[in-house]
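Student: I've got this structure open, and I'd like to know where the descriptive words come from. Can we go through them one at a time?

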Amino acid sequence: MSILNVREVAGKVGQQIKAEVSLLKKSTGKVPGVTLVLVGDNPVCQMDIRAKDRIAAEMGIDTHTIRLEKDVSQDVVIKEVLRLNQDDSVDAVMIQLPLPEPLDPWEILCHLEPGKDMDRYNPVSMGMSLLNRTRLFPCAPAGILKIFEHYRIKVEGMNAVVVGRSFYVGKPVAALLINLDATVTLCHSKTKDLKEALNNAELVVTALGRPGVVTGDMIRPGA
């Protein structure tokens with residue numbers, strides 16, 4: 001069994017990004033910037049924001065975080081998104097998910113300019129990913145494909161099973177694998193016989209957000 005070293009892949013991609021950002025600064029004087037929108041005080045979201053700040057700084061990218069109270073109204077969040085759309089100094093926007101209830105993330109994401117949508121969660125961004133008509137894809141699925149690329153894993157023709165149907169990972173990674181000519185089965189919590197589906201898979205991507213659902217006896221040798 002081969003272990004795919006994700007840190008090795010991340011390090012390689014990070015060096016490439018640092019070089020591209022440095023070249024951009026030298027050639028244009030432009031420092032790319034990302035605005036992060038954090039609503040509420042979810043500790044996991046705050047940890048995620050800190051990680052993004054740290055990684056962006058390592059890459060030479062400026063970040064700015066807008067913090068809104070957890071009881072903020074939907075209209076106020078949308079107004080802030082529209083303002084960022086119009087701000088030419090903002091290159092990209094990331095709305096930290098999940099949002100506290102009763103905020104509707106889809107309604108808010110629909111107002112985000114697709115060209116500034118860092119996570120690619122706007123419905124237009126998602127649609128372009130599905131059609132394979134973009135160079136920018138949702139980050140976790142794009143990262144998975146980078147791993148395949150790094151290890152020269154050719155997914156064309158493979159029988160692939162994706163476990164999880166979230167719009168964060170499951171659905172977009174299934175679409176990207178289809179774009180690469182894999183034959184894809186999408187499983188989820190209501191799948192009747194997950195073990196049978198996985199036993200036939202040459203490639204398995206799990207995106208459930210909880211451990212222990214997929215066990216070793218479900219994976220066929222060589223997958």
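**Words and the values behind them**

Tutor: Sure, and keep in mind that this is a predicted model. Let's start with β4 and β6, which pair in the parallel sense over four bridges.

Student: What makes β4 and β6 a pair?

Tutor: Two strands pair if there are at least two bridges between them, and β4 and β6 have four. One bridge partnership is between valine 161 and valine 204 of β6.

Student: Why are β5 and β6 said to stand at the edges?

Tutor: The open sheet has three strands in the order β5-β4-β6, with parallel pairing. β5 and β6 each have a single partner strand, so one side of each has no neighbour in the sheet. From one strand to the next, the twist averages 20 degrees.

Student: Now the helices. Why are α6 and α7 called oblique to each other?

Tutor: Helix α6 (residues 139-150) and helix α7 (residues 170-179) pack at an angle of about 40 degrees. Under 35 degrees would count as roughly parallel, and 65 to 115 as roughly perpendicular. The value for α6 and α7 falls in neither range, and they are therefore oblique. Their axes are 9 Å apart, and α6 passes α7 in a right-handed crossing. On the α6 side the contact is made by Pro141, Ala142, Ile144, Leu145 and Phe148; on the α7 side, by Pro172, Val173, Leu176 and Leu177.

Student: How do you know that α7 is largely enclosed?

Tutor: A residue is buried under 20% relative accessible area. Seven of the 10 residues of α7 are buried, so the helix is largely enclosed by the rest of the structure. Among the buried ones are Gly170, Ala174 and Ala175. The cover over them includes α5, α6, β4, β5 and β6. α7 lies across β4, β5 and β6, at about 170 degrees to β5.

Student: And what makes strand β1 mostly covered?

Tutor: In β1 (residues 33-39), seven of its seven residues are buried. Gly33, Thr35, Val37 and Val39 point one way, while Val34, Leu36 and Leu38 point the other way. In general, side chains in a regular strand alternate between the two faces of the sheet.

Student: Which strands does β1 pair with?

Tutor: β1 pairs in the parallel sense with β2 (residues 62-68) over seven bridges, and four bridges join β1 to β3 (residues 92-95), also parallel. Valine 37 has isoleucine 66 of β2 as its bridge partner, and leucine 36 has methionine 94 of β3.

Technical notes:
Residues numbered from 1 in each chain as written. Predicted model: local features only at pLDDT ≥ 70, side-chain atom pairs only at ≥ 80, totals over all residues. Heavy atoms only, no water. Buried < 20%, exposed > 50% of the residue type's maximum accessible area, 1.4 Å probe, protein only. Helix = DSSP H or I, 4+ residues; strand = E, 2+ residues; numbered from the N terminus. Axes fitted to C-alpha atoms, helices over the stretch in contact; angles between N-to-C directions. Parallel < 35°, antiparallel > 145°, perpendicular 65-115°, else oblique. Left-handed = near helix turned anticlockwise from the far one by under 90°. Contact = heavy atoms within 4.5 Å.
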